[in-house]
Amino acid sequence: MSALPARVQLVEVGPRDGLQNEAQPVASATKVELVQRLQAAGCREIEVTSYVSPKWVPQMADNHAVMQALQRRPGVRYSVLTPNLKGLEAALADAPDEIVVFGAASEAFSRRNINCGIEESIERFRPVVQAALAAGVKVRCAISCAVGCPYQGEVPPDEVERVVRLMKAIGVQHCGVADTIGVGTPRKVQAAMERALRHFPIEEVSGHFHDTYGQALANIYACLELGIDHFDTSVAGLGGCPYAKGATGNVATEDVVFLLHGLGIATGIDLDALVDTAGWISGQLGRPPVSRVARALLAKKAAA
Ligand code: HMG
Ligand code: MG
């Protein structure tokens with residue numbers, strides 16, 4: 001067996017993927033404080049918000065206010081989602097370090113999430129990618145439903161590779177492979193990741209796992225075995241996609257950090273500060289963190 005990576009880069013997606021699905025309004029000041037706490041805990045890549053239609057995702061309507069209020073730290077990469085040129089233009093005014101175009105390996109999910117099919121989505125992304133690169137902004141993609149779709153069911157690796165190829169052809173620099181509804185298991189996830197690795201260098205491939213079926217940590221381990229060292233995670237396990245009903249949050253950052261540190265893999269993240277942040281944001285939302293590690297460590301602290 002080959003060695004696992006010595007260091008892993010986590011992209012904290014809690015402020016975006018985590019909060020986009022909240023039914024209750026979350027104050028912009030709370031979102032800003034969340035980002036500040038995450039960067040203080042050592043997060044070096046943070047997905048802050050998305051420039052999507054406020055009719056589709058009302059929770060992200062305050063993108064501009066949140067981006068403008070951030071006290072940015074040098075060395076932290078702030079990313080945002082941009083589905084089209086309108087979103088990109090608004091985003092560029094707030095100077096993100098990276099933008100994310102988000103497509104899907106399933107035709108049905110693409111239509112539900114961004115109101116167009118896969119081919120059309122790529123044609124929409126093409127000028128977005130060009131303009132972002134021209135502005136010196138890094139471009140990442142997310143490919144949803146890479147191992148299963150709430151509408152279509154199974155998604156074969158060939159269909160994932162088709163979208164990977166299309167994303168590469170339009171100039172996307174980093175390929176995120178997403179299990180939107182958390183149905184993936186390690187070998188299926190490896191099969192999907194391997195298709196991304198055929199077209200992108202390993203340091204430009206990442207896994208994005210929702211933990212709906214409790215498989216995310218096993219899937220991350222399966223990716224580590226392939227040498228993949230980039231994952232999206234969400235503090236306190238917040239989140240879900242509004243267009244994937246029943247899908248729960250991303251794998252919790254603190255669960256992944258606990259796993260990685262236990263394996264001797266560096267993340268640069270202070271677990272204690274992260275767990276405090278998980279407790280804080282969960283308190284703001286009026287519920288306990290879903291993460292096992294946050295619950296365990298917060299209970300231990302309370303008992304001490
Ligand atoms: P559409 O209705 O086809 O767009 O939506 P349109 O171009 O026909 O415009 C319709 C209206 O939306 C117009 O306003 C536009 O101005 C406005 P009106 O004239 O009706 O007042 N509009 C916008 N407003 C603000 N920002 C924009 C924008 N674009 C158009 N960028 C669209 C197409 C893509 C906009 C829509 O479907 C949308 O916003 N979808 C967002 C869906 C979304 O955010 N989903 C969650 C994020 S993806 C995710 O969570 C998955 C991920 O985590 C990976 C995984 O887990 O799988 C990344
Ligand atoms: Mg997601």
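This passage describes the surroundings of ligand 1 and the two largest pockets in a predicted model.

Ligand 1 is surrounded by 27 residues, of which Ser 53, Asn 84, Asn 115, Ser 144 and Thr 180 come nearest. By class, this shell comprises twelve nonpolar, ten polar and five charged residues. Nitrogen atoms of the ligand take part in several polar contacts. One such contact, at 2.9 Å, involves an N or O atom in the side chain of Asn 113. Backbone atoms contribute as well: a polar backbone atom of Val 52 lies 3.3 Å from a nitrogen atom of ligand 1, and a backbone N or O atom of Gly 87 is likewise found 3.3 Å from a nitrogen atom of the ligand. Of the 1100 Å² that ligand 1 exposes when taken alone, 75% is buried by the protein. Two or more residues of the shell are supplied by each of α1 (14-18), α4 (85-92), α5 (107-114) and β5 (138-144).

The space taken by ligand 1 is the largest pocket, which has a volume of about 630 Å³. Its lining consists of 36 residues, with Val 52, Pro 83, Phe 102, Asn 113 and Ile 114 closest to the centre. The elements that each give two or more residues to this lining are α1, β2 (45-50), α4, β4 (98-104), α5 and β5. The lining residues divide into 17 nonpolar, twelve polar and seven charged.

The second largest pocket has a volume of about 360 Å³. Among its 22 lining residues, Gly 237, Thr 248, Gly 249, Asn 250 and Val 290 lie nearest its centre. The lining of this second pocket contains eight nonpolar, nine polar and five charged residues.

Definitions and conventions
Residues numbered from 1 in each chain as written. Chains lettered and ligands numbered in written order. Predicted model: local features only at pLDDT ≥ 70, side-chain atom pairs only at ≥ 80, totals over all residues. Heavy atoms only, no water. Near = heavy atom within 4 Å. Polar contact = N/O pair within 3.5 Å; in protein donor to acceptor, adjacent residues only side chain to side chain. Areas by Shrake-Rupley, 256 points an atom, 1.4 Å probe, with all protein chains shown as cover. 1 Å grid on protein atoms, 1.4 Å probe; cavity = no way out; pocket = protein on both sides within 12 Å on 5 of 7 lines; lining within 4 Å. Sits in = over half its atoms within 2 Å of the grid points. Helix = DSSP H or I, 4+ residues; strand = E, 2+ residues; numbered from the N terminus. Nonpolar A, V, L, I, M, F, W, Y, C, P; charged D, E, K, R; others polar. Points joined across faces, edges and corners; volume = space filled by probe spheres on them.
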